[in-house]
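Let's take a walk through a protein model together. Keep the sequence and the 3D view open, and look for each residue as we get to it.

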Amino acid sequence: IAAALLCASCGGGGGGGTASLGILSVQVLTQPLGPLSPFGTTAGGDRVQISGTGFGSGSAVRFAGAPAAVEQVTSMNLVVVTPPGAEGFATIEVQNPAGAPVSLADVFRYIEPPVALSVTAVTGPTAGEPRAPECDIM
């Protein structure tokens, strides 16, 4: 699920000579279970690619204020693993070691993690079927 975003670049004066950050899209690389929003959803622990410009070594990403684990950084892409989060929309914040952060509000939604309600066997012995004899090895 990809979300094309109009524009998000840091304003104001970053550190001297630092490239301006811009975020163009947010895409969930792993398919979460549950309802999907137009911008992608996660229950936490999903790999997400953030595409844009100006990313650099040491870039940090936060979802709803919680730090994401950064797996890969190029000048145009960040791949991160989302932290756990409360259900609802989350602000995404990206920041290079120097310069002002870029924030995107209400573009990413946490969903309630899936819960197993029951477990049903699809193969193997069931009630009333013969089973292999049990034996003790001496």
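Start with the whole chain: it has 138 residues, and 30% of them are buried. Keep in mind that what you're looking at is a predicted model. The accessible surface adds up to about 8300 Å², with carbon and sulfur atoms accounting for 58% of that.

Now for the building blocks. The chain has ten strands and zero helices, so if you read from the N terminus you'll get β-β-β-β-β-β-β-β-β-β, given that helices and strands here are DSSP runs numbered from that end. What about contacts across the chain? Take the contacts between residues at least 6 apart in sequence: 58% of these join residues at least 24 apart.

Let's see how some of the strands line up. β5 and β9 run antiparallel and are joined by four bridges. One spot to find is Val 61, whose bridge partner in β9 is Val 94. β9 also pairs with β10, again in the antiparallel sense, over six bridges. Here you can look for Phe 89, which has Arg 109 in β10 as its bridge partner. Between the two strands of this β9 and β10 hairpin there are six residues, and Gly 99 in the hairpin has a positive phi near 110°.

Next, head inside. How many residues make up the largest nonpolar core? It has 20, and the ones with the most contacts inside it are Ile 23, Ile 50, Val 61, Phe 63, Val 80, Ile 92 and Val 94. Several strands chip in: β2 (22-28), β4 (47-53), β5 (60-63), β8 (77-81), β9 (88-95) and β10 (102-110) each supply at least two residues of this core. The largest share, five residues, comes from β10.

Zoom in on Val 80 for a moment. Leaving out residues up to four places away in sequence, Val 80 touches Asp 46, Arg 47, Val 48, Ile 50, Val 61, Phe 63, Ala 68, Ala 69, Val 70 and Glu 71. Among these neighbours, Ile 50, Val 61 and Phe 63 are also on the list of residues with the most contacts inside the core.

Two other neighbours of Val 80, Arg 47 and Glu 71, bring us to charged residues. Side chains of opposite charge can pair when their charged atoms come close. A search of the whole structure turns up two salt bridges. In one, Arg 47 pairs with Glu 71, and their closest N and O atoms are 2.8 Å apart. This pair links distant parts of the chain, since Arg 47 sits in strand β4 and Glu 71 in strand β7 (residues 69-73), 24 residues apart. Are they buried or exposed? Arg 47 counts as partly exposed because its relative accessibility is 33%, and Glu 71 is partly exposed too, at 47%.

The other salt bridge joins Arg 109 and Glu 87, with 3.8 Å between the closest N and O atoms. Arg 109 lies in strand β10, while Glu 87 is in the loop between β8 and β9, 22 residues apart. At 23% relative accessibility, Arg 109 counts as partly exposed.

One last stop: Ala 64. This residue is not a glycine, yet it has a positive phi of about 50°. You'll find Ala 64 in the loop between β5 and β6 (66-67). Ala 64 counts as exposed because its relative accessibility is 53%, and the cut-off for exposed is over 50%.

Key: Residues numbered from 1 in each chain as written. Predicted model: local features only at pLDDT ≥ 70, side-chain atom pairs only at ≥ 80, totals over all residues. Heavy atoms only, no water. Core = buried A, V, L, I, M, F, W, Y, C linked by side-chain atoms within 4.5 Å. Buried < 20%, exposed > 50% of the residue type's maximum accessible area, 1.4 Å probe, protein only. Contact = heavy atoms within 4.5 Å. Areas by Shrake-Rupley, 256 points an atom, 1.4 Å probe, with all protein chains shown as cover. Salt bridge = Lys/Arg side-chain N within 4 Å of Asp/Glu carboxyl O. Pairing = 2+ DSSP bridges.
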